[in-house]
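Biologist: Could you take me closely through the sheet of this model, strand by strand, and then through what packs around it? I would like a connected account rather than a list.

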Amino acid sequence: MSHATSQASIPVIALRTATIADAPLLRQWDEQPHVLESDPNDEWGWETELKKSPDWREQLIALVDGRPVGFVQIIDPACEDSHYWGDAPTHLRAIDIWLGDAKDLGKGYGTVIMRQAIERCFASRDVTSIWIDPLESNRGAHRFYERLGFEFLRRQTFGQDHCLVYGLTRERWNCLRAT
């Protein structure tokens, strides 16, 4: 199947704010082997976190034809309360993304969702760069982010997780979109 054909078959994907009603689904997704493999040491505390709506975070559910397929979190690392990223510079966003059900992998949903998340980040004129932090062992994620234009910045350990930090600047994203 050609690239153009596969892109044409991807349904419209909408992002909506996650609510406390999504907690059971998110907990179920957290138990899926492919999710555990990419995020083995995090406890998201859905019942607590979904009740909060701080200015520095968006938690979103991705929907394909109205069916939940994934989760996206966009944060301002300079403001978030856990200081996960340490002393992060201003004018930055960080994204977490995953598809919940293994049957939805390999269909192009992640690419569409990630592009929407990137556009959402850069909709703010103040944002100059986006960071992501896949596990060092997750080679598939590295290729995925590199295809989207992210560039390797550094290795970093977050808690027990050895990660590669990638960045995407507004300038690079605009150049990639123009081609």
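Modeller: Within this predicted model, Leu92 has Ser129 of β5 as its bridge partner, and this pair belongs to the junction at which 3 bridges join β4 to strand β5 (residues 129–132), the two running parallel. On β3, Gln73 has its bridge partner in β4, namely Asp96, and here 6 bridges join β3 to β4, which run antiparallel. β4 is thus parallel to β5 and antiparallel to β3. The strand is also mostly covered, with 6 of its 8 residues buried.

These pairings belong to an open sheet of 7 strands, arranged in the order β1-β2-β3-β4-β5-β7-β6, with mixed pairing. Its edge strands are β1 (13–17) and β6 (151–158), each of which pairs on one side only, and from one strand to the next the twist averages 30°. At the β6 edge, the partner is strand β7 (residues 161–169), which runs antiparallel to β6 and is joined to it by 7 bridges; in this pairing Arg155 stands opposite Leu164 of β7.

Two of the loops that link strands contain a residue with an unusual backbone angle, given that most residues other than glycine have a negative phi. In the loop between β2 and β3 lies Asp65, which is not a glycine and yet has a positive phi of about 50°; at 66% relative accessibility, Asp65 counts as exposed, the threshold for that class being over 50%. The loop between β3 and β4 holds His83, likewise not a glycine, with a positive phi of about 55°. His83 has a relative accessibility of 52% and therefore also counts as exposed.

Turning to what packs around the sheet, helix α2 (residues 23–30) lies across β2, β3 and β4, and runs at about 90° to β3. Its buried residues are Ala23, Leu26, Trp29 and Asp30. Because these cover an arc of only 125° around the axis, they are on the same side of α2. The spacing of such a set can be read against the general rule that an α-helix has 3.6 residues a turn, so residues three or four places apart point the same way. The buried residues of α2 pack against three strands, β2 (57–64), β3 (67–75) and β4 (92–99), and also against the helices α3 (33–38) and α4 (46–49).

A further packing arrangement involves two other helices, and two packed helices are described by the angle between their axes and the distance between the axes. For helix α5 (residues 109–122) and helix α7 (residues 170–178), the axes come within 11 Å and cross at roughly 130°. The two helices are therefore oblique to each other, and α5 passes α7 in a left-handed crossing. On the α5 side, the contact is made by Arg115, Ile118, Glu119 and Phe122, while α7 contributes Arg170, Trp173 and Arg177.

Terms used. Residues numbered from 1 in each chain as written. Predicted model: local features only at pLDDT ≥ 70, side-chain atom pairs only at ≥ 80, totals over all residues. Heavy atoms only, no water. Buried < 20%, exposed > 50% of the residue type's maximum accessible area, 1.4 Å probe, protein only. Helix = DSSP H or I, 4+ residues; strand = E, 2+ residues; numbered from the N terminus. Arc of directions from axis to C-beta. Contact = heavy atoms within 4.5 Å. Pairing = 2+ DSSP bridges. Axes fitted to C-alpha atoms, helices over the stretch in contact; angles between N-to-C directions. Parallel < 35°, antiparallel > 145°, perpendicular 65-115°, else oblique. Left-handed = near helix turned anticlockwise from the far one by under 90°.
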